[in-house]
Amino acid sequence: DNMGTINAPIIGKTMIAFFREHHVDPVAVVDTTFLTTWGDTSTIFLLIMAVPVLLLLTFSPENIQSWYHVILFWAVWTGVSSCGFQTHKWSHTPYSDLPYIARLLQKMHLALSFQHHHVHHRP
């Protein structure tokens, strides 16, 4: 929670500041809009996803075949990682206010629950 600086270019004022603020007011993250939760994160991850797309567009068919697993890993990792802010938001949301999919993921221990994440915010 303390990596980077809010003065970092591109991600400082958007992602790092937003993430650190929730330690001052842990419930504030629950009241954010969809655009606030996903906007900056999605922009960064779309830029990251540009790499495998450029590889696919510039590689010959033989090179694509030899790099297929690397490109696939990159794409899956980026897609899953981009969900981090949403699942983190759900870990601050009371169980009764969660959408069904969030409750299901928390029940399956695929997303962090409010009870488990709350320990992280204790002084």
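## Thr93 and the α4–α5 loop

Thr93 counts as buried, at 7% relative accessibility, which places it below the 20% cut-off. In this predicted model, Thr93 sits in the loop that joins α4 (84-90) to α5. A polar atom of the Thr93 side chain lies 2.9 Å from the backbone oxygen of Lys89. Thr93 also gives a useful reference point along the chain: its C-alpha atom is 10.0 Å from that of Gln115, although 22 residues separate the two in sequence.

Ser91 belongs to the loop between α4 and α5 as well. With 2% relative accessibility, Ser91 counts as buried. Its side chain reaches back to the backbone oxygen of His88, at 2.6 Å. So what do Ser91 and Thr93 offer as you look at this loop? Ser91 is buried, Thr93 is buried, and each has a side-chain contact with a backbone oxygen, that of His88 for Ser91 and that of Lys89 for Thr93.

## From α5 into the next loop

Moving along, Gln106 lies in helix α5. Is Gln106 buried or exposed? Gln106 is buried, because its relative accessible area is 8% and the cut-off for that label is 20%. A polar atom of its side chain lies 3.1 Å from the backbone oxygen of Leu112.

His109 is found in the loop between α5 (100-107) and α6 (114-118). Here the label changes: His109 is exposed, with a relative accessible area of 64%. The backbone is worth a look too, as His109 has a positive phi of about 60° although it is not a glycine.

## Rings and charges

Arg103 lies over the face of Tyr95, at 6.0 Å from the ring centre. As for pairs between aromatic rings, the count comes to 0.

## Helices α2 and α3

Val53 is part of helix α2, which covers residues 34-58. Val53 is partly exposed, with a relative accessible area of 41%. The C-alpha atom of Val53 is 8.5 Å from that of Ile71, and the two residues are 18 apart along the chain.

Helix α3 covers residues 61-81 and holds 21 residues, so at 1.5 Å a residue it should span 30 Å. Its end C-alpha atoms are 28 Å apart, which agrees. Where does α3 bend? The bend is at Trp67, and it comes to about 60°.

## The chain as a whole

Stepping back, the chain has 6 helices and 0 strands. Read along the sequence, the pattern is α-α-α-α-α-α. Of the 123 residues in the chain, 25% are buried, and Thr93, Ser91 and Gln106 are among them.

How confident is the predictor, and in which elements? The mean pLDDT of the chain is 76, with 69% of its residues at 70 or more. Among the elements, helix α5 has the highest mean pLDDT, at 93. Helix α1, residues 12-24, has the lowest, at 67. Gln106, with its contact to Leu112, therefore sits in a helix with the highest mean pLDDT among the elements, and is buried there at 8% relative accessible area.

Definitions and conventions. Residues numbered from 1 in each chain as written. Predicted model: local features only at pLDDT ≥ 70, side-chain atom pairs only at ≥ 80, totals over all residues. Heavy atoms only, no water. Phe/Tyr/Trp six-rings, centres within 6.5 Å; stacked < 30°, edge-to-face > 60°. Lys NZ or Arg CZ within 6 Å of the ring centre and 35° of its normal. Helix = DSSP H or I, 4+ residues; strand = E, 2+ residues; numbered from the N terminus. Buried < 20%, exposed > 50% of the residue type's maximum accessible area, 1.4 Å probe, protein only. Expected span 1.5 Å × (residues − 1). Bend = angle between axes of the 7 residues up to and from the residue. pLDDT = per-residue confidence, 0-100. Polar contact = N/O pair within 3.5 Å; in protein donor to acceptor, adjacent residues only side chain to side chain.
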